[in-house]
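Colleague: Please take a close look at the side-chain contacts in this model and at the strands that carry them, and give the cut-offs behind each term as you go.

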Amino acid sequence: LLSSSVTQSFTTGSFNTLRLQQLLSQLGYLPLTWTPKSTAGISLSSANAEVSAAYQPPAGTFSWTGDYPSNLRDQWKAGSGNILDVGAVRAFESVTGLTMDGVAGPTVWSGLLSAAAKGTHNPNGYTYALASQTLPETIKIWHNGRLVLQSAANTGIPASPTADGTFPVYLRYYFQIMQGTNPDGSKYADPVYYVSYFNGGDALHYFSRGGYGYNQSLGCVELPWDAAKKA
């Protein structure tokens with residue numbers, strides 16, 4: 001018998017990014033499908049097999065669904081973290097009631113493995129919006145691989161431009177009084193509708209203007225009412 005207790009500490013390796021992408025694709029949170037190379041791969045009914053696959057992903061193939069533009073496709077990297085992963089994790093967190101930080105931590109992994117075992121797919125589909133700052137400014141939105149909206153849009157004025165880049169939506173409101181400071185130092189408090197925040201205080205939303213297609217906002221992407229509602 002041991003004369004005293006013995007404690008052995010160890011740290012496991014991290015779950016694999018490729019497996020994260022496979023699960024997110026299978027569950028409909030990425031604009032791709034994933035097909036395993038062998039149908040004799042892991043069994044979704046086996047918890048042990050799922051955990052094993054999280055460390056050593058099975059071989060397979062990703063395929064794009066629908067007709068998404070190169071602006072989105074060029075950012076995808078199988079096996080390497082990218083902004084599509086962040087957006088997909090945020091969407092999963094939103095659906096499952098978790099904090100939308102875009103980080104695949106233990107709680108997210110546990111939820112993903114559970115969703116995979118139950119076959120619980122993304123109920124909202126995949127949406128991608130692309131705003132162009134070339135005059136006349138426009139926005140295009142794809143949903144589940146189809147172009148579903150094209151509209152004139154407004155982006156930021158030179159003194160407060162809209163940032164270039166790809167950003168996952170992280171917060172949405174039907175209505176809000178949006179407050180801030182104008183470039184001249186004055187304050188504003190404007191009513192806006194159909195708000196989707198994507199980059200700090202920048203959001204896509206409805207805002208009443210005499211016309212659209214020009215640099216008029218303070219960094220947000222402004223749309224006419226009908227387009228904002230559909231967006």
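Modeller: Arg19 counts as buried because its relative accessibility is 1%, where buried means under 20% relative accessible area, exposed means over 50%, and partly exposed lies in between, with a 1.4 Å probe and protein chains only. This is a predicted model, in which local features need pLDDT of at least 70 and side-chain atom pairs count only at pLDDT 80 or more, whereas totals for chains, interfaces and linings use all residues. Residues are numbered from 1 along each chain as its sequence is written, and side-chain values use heavy atoms, with hydrogens and water left out.

Arg19 forms a salt bridge with Glu50, with 3.2 Å between the closest N and O atoms; the term requires a side-chain nitrogen of Lys or Arg within 4 Å of a carboxyl oxygen of Asp or Glu. Arg19 sits in helix H1 (residues 17-26) and Glu50 in helix H2 (residues 47-55), so that this pair links distant parts of the chain, 31 residues apart. Helices (H or I, at least four residues) and strands (E, at least two) are DSSP runs numbered from the N terminus. Glu50 is likewise classed as buried, at 3% relative accessibility.

The whole structure holds two salt bridges, and the pair of Glu222 with Arg209 is one of them, its closest N and O atoms being 2.8 Å apart. Glu222 belongs to strand E11, while Arg209 lies in the loop between strand E9 (202-206) and strand E10 (215-217), so the contact ties together parts that are 13 residues apart in sequence. Here Glu222 is buried at 4% relative accessibility, but Arg209 is partly exposed at 28%.

Strand E11 leads to the sheet in which it takes part, an open sheet of four strands in the order E7-E8-E9-E11 with mixed pairing; two strands pair if DSSP finds at least two bridges between them. E7 and strand E11 (221-223) stand at the edges, and because each has a single partner strand, one side of each is left without a neighbour in the sheet. Neighbouring strands here are turned by 40 degrees against each other on average, direction ignored, with axes taken as lines fitted to C-alpha atoms (for helices over the stretch in contact) and angles running from 0 to 180 degrees between N-to-C directions. E7 and E8 are joined in the antiparallel sense over 10 bridges, and Leu171 has Tyr197 as its bridge partner in E8.

Tyr197 also takes part in the aromatic contacts, of which the structure holds 17 pairs; rings of Phe, Tyr and Trp (its six-membered ring) pair if their centres lie within 6.5 Å, and planes under 30 degrees apart count as stacked, over 60 as edge-to-face and the rest as tilted. Tyr173 and Tyr197 make an edge-to-face pair, at 6.4 Å centre to centre and with 90 degrees between the planes. Since Tyr173 lies in strand E7 and Tyr197 in strand E8 (residues 187-199), this pair ties together parts 24 residues apart in sequence. Tyr173 is partly exposed, with a relative accessible area of 36%, whereas Tyr197 is buried at 8%.

A further edge-to-face pair is that of Tyr174 and Tyr193, at 5.5 Å centre to centre with 75 degrees between the planes; Tyr174 in strand E7 and Tyr193 in strand E8 are 19 residues apart. Tyr193 is partly exposed, at 25% relative accessibility. Both tyrosines belong to one aromatic cluster, which is formed by Tyr174, Phe175, Tyr193, Tyr194, Tyr206 and Trp225.

Tyr174 reappears at the surface, where Tyr174, Phe175, Ile177 and Trp225 make a nonpolar patch of about 390 Å². Patches are made of residues with over 30% relative accessible area and no salt bridge, like charges being joined within 9 Å and nonpolar side chains (Val, Leu, Ile, Met, Phe, Trp, Tyr) within 5 Å; accessible areas come from the Shrake-Rupley method with a 1.4 Å probe, and for residues only the protein chains shown count as cover. Strand E7 (residues 171-181) gives the most to this patch, with three residues.
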